[in-house]
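Reader: I am new to this structure and would like a close look at one part of it, the place where two helices meet, and then at how the rest is arranged around the sheet. Could you take me through it slowly, residue by residue where that helps?

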Amino acid sequence: MSAPNFTPMREDDLLWVAEQEREIYPFPWSLNNFRDALSAGYSSWVMRCGAETIGYAVLMLVINEAHLLNISILPQWQKQGQGDCLLAHLKKVAVQNGAASMFLEVRPSNVHALDFYRRRGFEQIGLRKGYYPAAQGREDALVMRSEL
Ligand SMILES: CC(C)(COP(=O)(O)OP(=O)(O)OC[C@H]1O[C@@H](n2cnc3c(N)ncnc32)[C@H](O)[C@@H]1OP(=O)(O)O)[C@@H](O)C(=O)NCCC(=O)NCCS
């Protein structure tokens, strides 16, 4: 398997990204959410492995903080170390831009992601009540932070 490479997300990636997003999440970002992220200048990335596009991410950089808004590996590529590689890239970008810590929100029901973050140095620092839409009502968000 060739080493993955990362390219800044562009307008012509958005249709594909939004389509994958709908496959991955029960409550996906819309195409316009991604477009807004690009317009706002968020650090947005597409991850490729050889000819295949296997993941994407959106990172908001604010002074000395990085906020991980979206990190997604296509289902058939998960649990093979690709998420690790994508997160390492984002941490590198964050540090290069002067961030000292990275923050994110995650659903407590997203056990795989929660485990993934915990094993990579993220600790829970807060809870946002009813932050996410859910199948029944709303779901809380765990707020996590990792020093970089
Ligand atoms: C969360 C997410 C980004 C993690 O990416 P991933 O590629 O599945 O993660 P990795 O493969 O790097 O690591 C996950 C586990 O896979 C296993 N794994 C890693 N490399 C492996 C390999 N070569 N062979 C077998 N198993 C492996 C490990 O058990 C690893 O767990 P650990 O290192 O924490 O013990 C990804 O699962 C995803 O996109 N999920 C859906 C979207 C989502 O929920 N995003 C987060 C929203 S907050």
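Author: In this predicted model, helix α1, which covers residues 14-24, and helix α2, which covers residues 31-39, have axes that come within 9 Å and cross at roughly 130°. Because of that angle, α1 counts as oblique to α2, and the crossing of the two helices is right-handed. On the side of α1, the residues that take part are L14, L15, V17, A18 and E21, and they meet L31, F34, R35 and L38 of α2. Sorted by kind, the residues of this contact between α1 and α2 comprise 7 nonpolar and 2 charged ones, with no polar residue.

From the helix pair we can turn to the sheet, which is open, has 7 strands in the order β1-β2-β3-β4-β5-β7-β6, and shows mixed pairing. The strands β1 (5-8) and β6 (123-133) stand at its edges and have a single partner strand each, so one side of each is left without a neighbour in the sheet. On average, and with direction ignored, neighbouring strands of this sheet are turned by 30° against each other.

Beginning at the edge formed by β1, we find F6 in that strand. The C-alpha atom of F6 is separated by 4.7 Å from that of M47, although the two residues are 41 apart along the chain. Leaving aside residues up to four places away in sequence, F6 touches W45, V46 and M47, and also C85, L86 and H89. Strand β2 spans 43-49 and helix α3 spans residues 82-96, and this helix lies across β1, β2, β3, β4, β5 and β7, running at about 155° to β4.

Further along the sheet, β3 and β4 run antiparallel and are joined by 8 bridges, with G55 standing opposite I73 in β4. These two strands form a hairpin that has 2 residues between them. In the loop between β3 and β4 lies I63, whose phi is near 50°, a positive value in a residue other than glycine. Most residues other than glycine have a negative phi. With a relative accessibility of 77%, I63 counts as exposed. A second residue of this sort is K79, which has a positive phi near 60° and is placed in the loop between β4 and α3; at 69% relative accessibility, K79 also counts as exposed.

On its other side, β4 is joined to β5 by 4 bridges, and these two strands run parallel. E65, which belongs to strand β4, has S101 in β5 as its bridge partner. Apart from residues up to four places away in sequence, E65 touches M60, A99, S101 and F103. The relative accessible area of E65 is 29%, and E65 is therefore partly exposed. Between the C-alpha atoms of E65 and K92, which are 27 residues apart along the chain, the separation is 13 Å.

At the edge formed by β6, finally, 7 bridges join this strand to β7 (residues 138-147), and the two run antiparallel. Within this pair, G126 stands opposite V143 in β7.

How values were computed:
Residues are numbered from 1 along each chain as its sequence is written. This is a predicted model: local features need pLDDT of at least 70, side-chain atom pairs count only at pLDDT 80 or more; totals for chains, interfaces and linings use all residues. Side-chain values use heavy atoms; hydrogens and water are left out. Two strands pair if DSSP finds at least two bridges between them. Axes are lines fitted to C-alpha atoms, for helices over the stretch in contact, and angles run from 0 to 180 degrees between N-to-C directions. Contact means heavy atoms within 4.5 Å. Angles under 35 degrees count as roughly parallel, over 145 as roughly antiparallel, 65 to 115 as roughly perpendicular and the rest as oblique. A crossing is left-handed if the near helix is turned anticlockwise from the far one by less than a right angle, and right-handed if clockwise. Ala, Val, Leu, Ile, Met, Phe, Trp, Tyr, Cys and Pro count as nonpolar, Asp, Glu, Lys and Arg as charged, and the others, Gly among them, as polar. Buried means under 20% relative accessible area, exposed over 50%, partly exposed in between (1.4 Å probe, protein chains only).
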